[in-house]
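Work through the exercises below with the model open beside you. Try each task before reading its solution.

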Amino acid sequence: LLSHILQIDRYYLDLYNQASDREAQVNACRAAVTHLFAYFGWLRGVETFGVTWDDVNVVEPRDGPIHGLPRGIGVILLKLLPQTKSSQAATADVVMAYRSASGLCPGLWLQRLRALLPASELVGEAYVIAHANGRPWTSHYYRYTFFYPTLYMLRALGDKYPSKYDESPGLELIRAFWSFNTLRRTARSVVAKKRAETLRKASPAEAVEHGR
């Protein structure tokens with residue numbers, strides 16, 4: 001549910017604020033970027049972890065009008081397909097809000113991550129979501145290191161939705177959310193109707209265009 005997406009984002013913010021060293025802060029930022037790229041972009045794991053700094057173009061909210069956007073509106077532009085990655089003139093494959101009406105802000109998490117990384121890890125071909133050795137994270141690593149622990153935490157706090165997965169046969173939490181695609185399915189469901197945290201539902205054409 002959207003409430004869980006928001007709670008997980010806040011949990012990563014807690015990890016970031018309470019980190020005892022730079023590496024822990026970097027990992028919290030990368031976990032949050034993974035979470036929000038997959039959610040906002042409706043991305044698969046291979047797409048999320050294949051993004052390099054060359055593939056990312058950020059329009060800050062203050063610069064929105066320069067790019068034909070309303071004042072205060074920014075976007076994150078991603079190039080995912082080989083034909084767009086190799087062409088500087090090609091348009092982005094995926095456009096995401098810098099900040100959503102619900103308060104989720106992938107743009108701010110990217111800012112935090114950039115500020116923590118040395119110049120050598122910000123070169124164009126370097127992966128945005130990577131280990132210290134430069135190798136990209138995987139869906140398995142993210143899910144078992146960050147995502148599943150947050151779901152267990154929510155269950156321990158009494159959240160009704162994960163609490164029904166009590167580890168009895170057929171109700172194991174990891175089996176219920178076994179795929180990285182959980183995040184894109186959640187996002188597609190959220191935009192299907194107006195919710196308390198959102199401005200409106202997506203039109204059918206918007207959903208098809210964003211998901212294509």
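**Exercise 1. Decide whether Thr186 is buried or exposed, and find what surrounds it.**

Solution.
- Step 1: Thr186 has a relative accessible area of 16%, so it is buried. The cut-offs are under 20% for buried, over 50% for exposed and in between for partly exposed, with a 1.4 Å probe and protein chains only.
- Step 2: Place Thr186 in helix 9, residues 182–190. Helices are DSSP runs of H or I with at least four residues, strands are runs of E with at least two, and both are numbered from the N terminus.
- Step 3: List the contacts, meaning heavy atoms within 4.5 Å. Thr186 touches Leu1, Ile5 and Tyr39, with residues up to four places away in sequence not counted.

A note on the source: this is a predicted model, where local features need pLDDT of at least 70 and side-chain atom pairs count only at pLDDT 80 or more, while totals for chains, interfaces and linings use all residues. Residues are numbered from 1 along each chain as its sequence is written, and side-chain values use heavy atoms, with hydrogens and water left out.

**Exercise 2. Describe how helix 2 and helix 9 cross.**

Solution.
- Step 1: The axes of helix 2 and helix 9 come within 7 Å and cross at roughly 50°. Axes are lines fitted to C-alpha atoms, for helices over the stretch in contact, and angles run from 0 to 180 degrees between N-to-C directions.
- Step 2: That angle makes helix 2 oblique to helix 9. Under 35 degrees counts as roughly parallel, over 145 as roughly antiparallel, 65 to 115 as roughly perpendicular, and the rest as oblique.
- Step 3: The crossing of helix 2 past helix 9 is right-handed. Right-handed means that the near helix is turned clockwise from the far one by less than a right angle; anticlockwise is left-handed.
- Step 4: Helix 2 contributes His35, Ala38 and Tyr39, and helix 9 contributes Leu183, Arg184, Thr186, Ala187 and Val190.
- Step 5: Sorted by class, this contact of helix 2 with helix 9 holds 5 nonpolar, 2 polar and 1 charged residues. Ala, Val, Leu, Ile, Met, Phe, Trp, Tyr, Cys and Pro count as nonpolar, Asp, Glu, Lys and Arg as charged, and the others, Gly among them, as polar.

**Exercise 3. Repeat the analysis for helix 1 and helix 6.**

Solution.
- Step 1: Helix 1 and helix 6 pack at about 110°, with axes 11 Å apart.
- Step 2: Helix 1 and helix 6 are therefore roughly perpendicular.
- Step 3: Helix 1 passes helix 6 in a right-handed crossing.
- Step 4: His4, Gln7, Ile8, Tyr11, Tyr12 and Leu15 of helix 1 meet residues of helix 6 including Tyr142, Phe146 and Phe147.
- Step 5: The contact of helix 1 with helix 6 divides into 10 nonpolar, 3 polar and no charged residues.

**Exercise 4. Work out the strand order of the sheet and its pairing.**

Solution.
- Step 1: The order is 1-2-3, in an open sheet of 3 strands with antiparallel pairing. Two strands pair if DSSP finds at least two bridges between them.
- Step 2: Strand 1 (56–59) and strand 3 are the edges, each pairing on one side only.
- Step 3: Strand 1 is joined to strand 2 by 4 bridges. Leu77 in strand 2 is the bridge partner of Asn57.
- Step 4: Strand 2 (residues 75–78) is joined to strand 3 by 4 bridges. Here Leu78 stands opposite Val94.
- Step 5: Check the faces of strand 3 (residues 94–97). Val94 and Met96 point to one face and are buried, while Val95 and Ala97 point to the other and are not.

**Exercise 5. Which residues of helix 5 are buried, and what do they pack against?**

Solution.
- Step 1: In helix 5 (residues 106–116), the buried residues are Pro106, Gly107, Trp109, Leu110, Arg112, Leu113 and Leu116.
- Step 2: They pack against helix 1 (2–18), helix 2, strand 1, strand 2 and strand 3.

**Exercise 6. Compare the backbone and burial of Trp42 and Glu167.**

Solution.
- Step 1: Most residues other than glycine have a negative phi.
- Step 2: Trp42 has a positive phi, near 55°. Glu167 also has a positive phi, about 75°.
- Step 3: Trp42 sits in the loop between helix 2 and helix 3. Glu167 sits in the loop between helix 7 (160–163) and helix 8 (173–176).
- Step 4: Trp42 is buried, at 11% relative accessible area. Glu167 is partly exposed, at 34%.
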